[in-house]
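Dear colleague,

I am handing over a structure to you with this email, and I would be grateful if you could open it beside the notes below. The notes take the structure part by part, so that you can follow them with the model on your screen.

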Amino acid sequence: MHAIGSAPDASDPGLAPGAKELRSALKEARNVAALTGAGISAESGVPTFRGAGGLWRNYSPEKLATLEAFEANPRLVWEWYDWLRGVMREAQPNPGHQALAELARRHAAPDGKGSFTLITQNIDGLDDRAGSKNIVKLHGDIWIMRCMGCHREERDERARLEVLPPRCKKCGALLRPGIVWFGEPLPADEWERGVEAAASADIFLVIGTSATVYPAAGLASIARQSGAKLAIVNKEPTPVDDIAEWVLQGPSGEVLPRLL
Ligand code: BV8
Ligand code: ZN
């Protein structure tokens with residue numbers, strides 16, 4: 001672990017300690033993967049879960065983001081998601097999302113041997129809008145609607161829905177957001193892709209996540225156990241800092257562009 005407490009870089013004082021070293025390690029690495037959480041979208045104005053402002057009408061998301069809550073009160077849960085969709089529609093990708101899209105472009109090495117996999121816990125779609133490709137969405141996508149009756153899925157990017165709760169125009173059953181609620185399994189194919197990317201990474205970036213939600217947070221240990229060097233980019237300490245090679249404290253919108 002090099003970064004905690006190391007002196008700022010004299011040649012580039014604006015650089016978080018360790019960023020210079022990580023920047024050159026990223027250039028050398030063949031396979032890079034990044035696990036992102038709500039923190040990377042905070043500078044776009046999307047509230048994080050556990051930070052201030054993460055609560056809404058004195059409900060905590062863990063109480064609203066469950067199938068039980070939805071079945072008990074679909075209208076209330078849809079009021080929460082309709083509000084969140086409005087916030088996410090207004091939000092713009094920030095320099096953190098853009099830096100990851102650029103890192104991926106650089107990593108698609110001409111010899112085709114390099115790889116960059118973006119694995120996100122976020123449901124806001126800001127990485128797609130920043131130009132990132134082949135994103136692993138562990139917790140789904142708020143812009144996908146899924147029918148509770150016929151299970152058909154469709155993309156619906158309207159900022160506000162006219163009728164709450166929305167119903168399937170084919171069978172009339174309730175629509176739910178295409179996201180993973182607490183207590184629900186992650187989509188198997190997305191989880192597999194995440195594990196594969198973590199297990200083959202030379203460098204595994206962990207960005208803007210409190211690393212407290214499983215199994216997503218477990219990808220950091222899978223990467224570490226498979227020989228990856230971990231780099232944490234976060235505003236505050238996380239439970240995976242102690243298995244990391246680099247810990248860069250600061251807002252991801254400022255730290256990530258400095259890694260290019
Ligand atoms: C499952 C969609 C089983 C909904 C989400 C007890 C112990 C351990 C685990 C459990 C347990 N009890 C239950 C569990 C399992 C549970 C879990 O882990 N619970 C936690 C709370 C303890 N997990 C599940 O339920 C998962 N499913 O286990 O299924 C199963 C298996 C087979 C068959 C049946 C069942 C499902 C988890 C997915 C839940 N859905 N989201 C929605 O979004 O509304 S999770 C939710 O939390 C979001 O997706 C979010 O992404 C995720 C993690 O949060 P973070 O992204 O890390 O955000 P957070 O606010 O916590 O942190 C932000 C960080 O950024 C902070 O550190 C902050 O300092 C930093 N930051 C802020 N600003 C910035 C910044 N950093 C950099 N720059 C900045 N500017
Ligand atoms: Zn239907």
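What follows is a description of what was found, beginning with the main sheet and ending with the empty spaces.

Please keep in mind throughout that this is a predicted model.

The sheet

An open sheet of six strands runs in the order S3-S2-S1-S7-S8-S9, and its pairing is parallel. Strand S3 (136-137) and strand S9 (246-249) stand at the edges with a single partner strand each, so one side of each has no neighbour in the sheet. As general background, strands of a sheet pair through backbone hydrogen bonds, either parallel or antiparallel.

Strand S1, which covers residues 31-36, is a good place to start looking, because six of its six residues are buried and the strand is largely enclosed by the rest of the structure. In a regular strand the side chains alternate between the two faces of the sheet. In S1, Asn31, Ala33 and Leu35 point one way while Val32, Ala34 and Thr36 point the other way, and all of these are buried.

S1 pairs with strand S2 (residues 115-120) in the parallel sense over six bridges, and within this pairing Leu35 stands opposite Ile119 of S2. S1 also pairs with strand S7 (residues 203-207), again in the parallel sense, over five bridges, and there Val32 stands opposite Ile203 of S7. From S7 the sheet continues to S8, to which S7 is joined by five bridges in a parallel run, with Ala231 of S8 as the bridge partner of Leu205.

Strand S4 and its partners

Strand S4 (residues 140-147) is mostly covered, since seven of its eight residues are buried. Gly140 is found in this strand and counts as buried because its relative accessibility is 12%, where the cut-off is under 20%. The C-alpha atom of Gly140 is separated by 9.1 Å from that of Thr120, and the two residues are 20 residues apart along the chain.

S4 runs antiparallel to strand S6 (residues 175-179), to which five bridges join it, and in that pairing Pro177 of S6 is the bridge partner of Met145. S4 also runs antiparallel to strand S5 (residues 153-155), here with three bridges, and Glu153 of S5 is the bridge partner of Arg146. The hairpin of S4 and S5 has five residues between the strands, and His151 takes a positive phi near 65° in it.

The zinc site

Which residues hold the zinc ion (ligand 2) as its protein donors? They are Cys147, Cys150, Cys168 and Cys171, each through its SG atom, at 2.2 to 2.3 Å from the ion. The site is tetrahedral, with angles of 97 to 122° among the four donor atoms, and the spacing of the donor residues in sequence is C-x2-C-x17-C-x2-C. Two of these donors can be set side by side: Cys168 is buried, with a relative accessible area of 5%, whereas Cys171 is partly exposed, with a relative accessible area of 41%.

Pocket and cavity

Rolling a probe the size of a water molecule over the atoms shows where empty space is left. The largest pocket has a volume of about 960 Å³ and is lined by 43 residues, of which Ala38, Gly39, Thr48, Phe49 and Arg50 lie nearest its centre. Helix H2 (39-42), helix H5 (74-90) and strand S8 (229-234) are the elements that give two or more residues to this lining, and H5 gives the most, with four residues. By class, the lining of this pocket has 21 nonpolar, 16 polar and six charged residues.

The structure also holds one cavity of 30 Å³ or more, and the largest cavity has a volume of about 60 Å³. Its lining includes Thr120 and Gly140, the pair mentioned above, as well as Asn122, Asp124 and Lys137. Helix H7 (126-129) and S4 are the elements that give two or more residues to the lining of the cavity, with H7 giving the most, at three residues. By class, the lining of the cavity has three nonpolar, four polar and five charged residues.

With best regards

Methods: Residues are numbered from 1 along each chain as its sequence is written. Chains are lettered from A and ligands numbered from 1 in the order in which they are written. This is a predicted model: local features need pLDDT of at least 70, side-chain atom pairs count only at pLDDT 80 or more; totals for chains, interfaces and linings use all residues. Side-chain values use heavy atoms; hydrogens and water are left out. Donors are N, O and S atoms within 2.8 Å of the metal (3.2 Å for Na, K and Ca); water is not among the atoms, so sites may look incomplete. Four donors count as tetrahedral if all angles lie between 85 and 135 degrees; four count as square planar and six as octahedral if opposite donors are over 155 degrees apart and all others between 65 and 115; anything else is irregular. Buried means under 20% relative accessible area, exposed over 50%, partly exposed in between (1.4 Å probe, protein chains only). Two strands pair if DSSP finds at least two bridges between them. On a 1 Å grid over the protein atoms alone, a cavity is a set of points where a 1.4 Å probe fits but cannot get out, and a pocket is an open set with protein on both sides within 12 Å along at least five of seven lines; lining residues have an atom within 4 Å of a point. Grid points are joined across faces, edges and corners, and a volume is the space filled by probe spheres set on the points. Ala, Val, Leu, Ile, Met, Phe, Trp, Tyr, Cys and Pro count as nonpolar, Asp, Glu, Lys and Arg as charged, and the others, Gly among them, as polar.
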